[in-house]
Amino acid sequence: MAKAWGGRFQQETDPRVESFTESISFDSRLFEVDVRGSIAHATMLASVGLISEAERDQICQTLKTIRDEIAAGNFPFQAALEDIHMHIESALIERIGDVGRKLHTGRSRNDQVSTDLKLYVRDAIDELDALLLDVQRAFVGRCEQDAGVVLPGYTHMQRAQPVQAAHYWLAYCEKIQRDRDRLADCRKRVNVCPLGSAALAGTSLPIDREMTAQLLGFDSVAGNSLDVSSDRDYLTEFAFCTSLIATHLSTWCEEWIIWFTTEFGFIKLPDAYTTGSSIMPQKRNPDVLELIRGKTARVMAAVPQLLLLTKSLPMAYNRDLQEDKLAMFAAFDTIKACLELTPAIVAGAELNREQIASRLEDGFLDATALMEYLIKKGVPMRTGHGTVGKLVAKCEAANCRLKDLSLADLQEACELIEEDVYGVLGTENAMKALQSYGSGGEQPVADRVRAWQAAMG
């Protein structure tokens, strides 16, 4: 079978080379965007007179037929044709002859591939954004059902201060919103049209790159043809965006895996997203959360893979770049699969309120509230910190809580303490005392819940 680039070669390609260099085994998924880009290119070629309108129509109709055949699984792939781009072009030429040979006028596989990848990544960003929105809605949807539930907040995995349960849920909404914002910002750099840059230097033909960009929904046209052939920044940036999504998912999974243990007992996971043991009949394992946590490593690995792939390449195009798609596809497929499962787990889990309440007073979660009470009475912060620390030590020795201390005990530590101190002691009171914007207190959380509900529509 003649190669598209075979004119100056006299020997047949070694079959092992064909097997080694093929990418159709993984880039066949680009068929739809390849056809989309080619239809726009053919439309532009007709508008500038490089092909006739009849030839344009013949090319476009045949491309749509080929696209539909691939989608239906009725299109044969073979390593000899290397990639999806050559498969489609070869099929086009086979069906309409010389008219099909005109499609590649004014473009190279270099700018064709870059255009396909940008179209694919743009679609992927839009798809991930929709999935992230579903996760946010699941967390916001929990806020009303968990209203009034107080949880310990942790630092260093030690109990620190009390917060509303909804404060936890909205914390993940904030992280996910940053993920969405990063994807939106990445999309701006993705949405620059490479098509028409040709191999590396552009073309002497009178093409209309602005028209092609407009037909494909790009915001602008790439301004340097040499840069286009070598640029994979957008893939690395996209992979980085997915890696931060993975980081946030892994954090959530780790937290809920801990909360699901008998030792914590904070949360019950839906049966549909847990599994059992082959030998221990009592077990319920958070396997889905563990696998999401595990699969995030695959997403994160795409970032160094792309950085290492591109760090030493001279301009413009080098065949090494064929490997870029493997990293991007792995990151996208994995994070998409994780995000598709996440909303149902979030929505279906239940807080074990009795278990949480039974130990809510453990850990002196009201200590900071007492210190801030002293500050309001005029005690310097560091002095108040030391005073409360001594009171905590006294409670530990007596096996009691701060709210169990008598007023006399408290005044022995600081004479400025009055009866009103009991309004901030105890976990519930300490939570309600939190009032700064964005804090975990009752009113600030209620305000943020309303804001997020409005944002979710």
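Below is a chat about cavities, cysteines and one helix in a predicted model.

Visitor: Before we start, what kind of model is this, and how are residues numbered?
Guide: This is a predicted model, where local features need pLDDT of at least 70, side-chain atom pairs count only at pLDDT 80 or more, and totals for chains, interfaces and linings use all residues. Residues are numbered from 1 along each chain as its sequence is written, and side-chain values use heavy atoms, with hydrogens and water left out.

Visitor: OK, how many cavities of 30 Å³ or more are there?
Guide: The count comes to two. A cavity here is a set of points, on a 1 Å grid over the protein atoms alone, where a 1.4 Å probe fits but cannot get out; lining residues have an atom within 4 Å of a point. Grid points are joined across faces, edges and corners, and a volume is the space filled by probe spheres set on the points.

Visitor: What volume does the largest cavity have?
Guide: About 60 Å³. Its lining includes Leu132, Tyr172, Asp179, His248 and Trp252. Two or more lining residues come from each of α7 (109-145), α8 (165-190) and α11 (233-260); helices are DSSP runs (H or I, at least four residues), numbered from the N terminus.

Visitor: Which helix gives the most?
Guide: That's α11, with four residues.

Visitor: And how does that lining divide by class?
Guide: Nine nonpolar, one polar and one charged. Ala, Val, Leu, Ile, Met, Phe, Trp, Tyr, Cys and Pro count as nonpolar, Asp, Glu, Lys and Arg as charged, and the others, Gly among them, as polar.

Visitor: What about the second largest cavity, what lines it?
Guide: Glu361, Phe364, Leu365, Asp366, Arg401, Leu402 and Thr427 do. By class that lining has three nonpolar, one polar and three charged residues, and the space inside is about 30 Å³.

Visitor: Switching topic: how many disulfides does the structure hold?
Guide: Zero. A disulfide would be a pair of cysteine sulfur atoms within 2.5 Å.

Visitor: Why is there no bond for cysteine 173?
Guide: Because the closest cysteine sulfur, in cysteine 143, is 6.6 Å from its own, too far for a bond. Cysteine 173 is also buried (under 20% relative accessible area, 1.4 Å probe, protein chains only), at 0%.

Visitor: And cysteine 414, buried or exposed?
Guide: Buried, with a relative accessible area of 12%. Its sulfur is 15 Å from the closest one, in cysteine 395, so that is too far for a bond.

Visitor: Last one: how many residues of α3 are buried?
Guide: 13 of its 17, so α3 is mostly covered. After α3 comes glycine 49, with a positive phi near 85 degrees.

Notes. On a 1 Å grid over the protein atoms alone, a cavity is a set of points where a 1.4 Å probe fits but cannot get out, and a pocket is an open set with protein on both sides within 12 Å along at least five of seven lines; lining residues have an atom within 4 Å of a point. Buried means under 20% relative accessible area, exposed over 50%, partly exposed in between (1.4 Å probe, protein chains only).
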